[in-house]
Amino acid sequence: MSMNVPSRDMIELESAPCPLGCRRGDLLVLRGHDRLNHLPGVFNVVRCRTCGLMRTDPRPTLEGMRLYYPDQYGPYRGTRIDPDRRKVDQSGVLRRWATRFFEFNTMRLPTIQPGRALEIGCASGAFLDRLSRSGWNAEGVEFSDTAAKYARSLGFSVYSGSVESAPDPQHLFRLVVGWMVLEHLHDPLKVLQKIHRWVEPKGWLVLSVPNAGAMEFTIFRHRWYALHLPNHLYHFTPKSLSRILEAGGWRTVRVFHQRTLMNAIGSVGYWLQDHALFPGLSDTLAALPEDCGHVNYLLYPLASFFSFFGQTGRMTVWARKIDD
Ligand SMILES: [Zn+2]
């Protein structure tokens, strides 16, 4: 099906220093492998001795990484919406009430006057659609040609390729969003600096990333669900994220801890799988984060409790452009 995908035995690896230019070297934190798609390779996670930023090193090159993003990669499928039905408002009374009552913080945006918005890693375009329905003039950047094509079929302008290679836009954006994308980038600092040039004065950047500062990372280590090796090249904590944002020209305004326990549940699934315990249950738990249905609603009170203490393993961050 896919073209130009390198074969399994020729994954090209590369090593890159801390993007913040630190020079005191790294500490090995753990070794892990791809648990989501079961693709080959063992990868190290290291922590910079100077700034504390954790990264996957060595890692597949940008081209080699295509192997780890098959067309059936979860987010590409999960963000597909039916082009014919999207014009119809499908949200019933119950659903609207639910969205008002439950704030998962997953894609939480600041209240700002709509203008031009850009989504980095827009996949098949579901969030572009949501933005445009709230009055935003939305466009996207997407690494997967297949997903980008799908988003374009919904009528959005989408650059197909890496954000690193995307040309400067003709106009400035008021808002740039990236849901679970920064940790996938080979050079997040360069991209943060690039987006800084792309936004209006005092423009907004809203990101979500896994939170490796949460206890669940310390508990589950190489079995932590959100480790997602080797696709995740960086493993941020609130502190290391703030630091790289600032280096890229962004001031962190707020950090929201997402009200979901899916990381922890997926990690328990991995633990049980590794210990060959409860095979049916372990597979169900490991697969739950990808398709959790209504479980998130059931766990909302408990997730809110963990979120209060910054312990849910996923965060959404609002940042504003530090004007030159
Ligand atoms: Zn560093």
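These legends go with a set of close-up views of one predicted model.

**View 1. Four cysteines hold the zinc ion.** The sulfur (SG) atoms of Cys18, Cys22, Cys48 and Cys51 coordinate the zinc ion, at 2.3 to 2.4 Å. What is the geometry of the site? The site is tetrahedral, with angles of 105 to 116 degrees among the four donor atoms. For reference, ideal angles for four tetrahedral donors are 109.5 degrees. Along the chain, the donor residues follow the spacing C-x3-C-x25-C-x2-C.

**View 2. Are these cysteines buried or exposed?** Cys48 has a relative accessible area of 4%, so it counts as buried. Cys18 is buried too, at 6%, and so is Cys51, at 10%. Away from the donor list, have a look at Cys292: its relative accessible area is 18%, and it is buried because the cut-off is under 20%. How many disulfides does the structure hold? Zero. In general, a disulfide is a covalent bond between the sulfur atoms of two cysteines.

**View 3. An open sheet of four strands.** Read across, the strand order is 2-3-4-11, and the pairing is antiparallel. Which strands sit at the edges? Strand 2 (26-33) and strand 11 (234-235) do, each pairing on one side only. Inside the sheet, strand 3 (residues 42-48) runs antiparallel to strand 4 (residues 54-56), and three bridges join the pair. One contact to pick out by name is Val45, whose bridge partner in strand 4 is Thr56. The zinc site turns up here again: strand 3 covers residues 42-48, and Cys48 is one of the zinc donors.

**View 4. Two cis peptide bonds, each leading into a proline.** Most peptide bonds are trans, so cis ones deserve a second look. Going from Asp57 to Pro58, the bond is cis, with omega near -5 degrees. Pro58 belongs to the loop that links strand 4 and strand 5 (59-60). The other example runs from Leu229 to Pro230, also cis and with omega near -5 degrees. Where is Pro230? In the loop between helix 6 (215-220) and strand 11, and strand 11 is an edge strand of the sheet in View 3.

**View 5. Positive phi without a glycine.** Most residues other than glycine have a negative phi, which is why positive values get a close-up of their own. Lys202 is not a glycine, yet its phi is positive, at about 60 degrees. This lysine, Lys202, is part of strand 10 (residues 199-210). Is Lys202 buried or exposed? Its relative accessible area is 51%, so Lys202 counts as exposed. Arg221 has a positive phi as well, of about 50 degrees, and is likewise not a glycine. Arg221 sits in the loop between helix 6 and strand 11, the loop that also holds Pro230. With 31% relative accessibility, Arg221 is partly exposed.

**View 6. How far to trust the picture.** The protein chain has a mean pLDDT of 90, and 91% of its residues reach 70 or more. Where does the pLDDT fall below 50? Over residues 1-6, a stretch with six contacts in the model beyond near neighbours in sequence. Where pLDDT is low, the predicted coordinates should not be read in detail. Treat the drawn path of residues 1-6 that way, given a pLDDT below 50.

How values were computed: Residues are numbered from 1 along each chain as its sequence is written. This is a predicted model: local features need pLDDT of at least 70, side-chain atom pairs count only at pLDDT 80 or more; totals for chains, interfaces and linings use all residues. Side-chain values use heavy atoms; hydrogens and water are left out. Donors are N, O and S atoms within 2.8 Å of the metal (3.2 Å for Na, K and Ca); water is not among the atoms, so sites may look incomplete. Four donors count as tetrahedral if all angles lie between 85 and 135 degrees; four count as square planar and six as octahedral if opposite donors are over 155 degrees apart and all others between 65 and 115; anything else is irregular. Buried means under 20% relative accessible area, exposed over 50%, partly exposed in between (1.4 Å probe, protein chains only). Two strands pair if DSSP finds at least two bridges between them. pLDDT is the predictor's confidence in each residue, from 0 to 100. Contact means heavy atoms within 4.5 Å. A disulfide is a pair of cysteine sulfur atoms within 2.5 Å.
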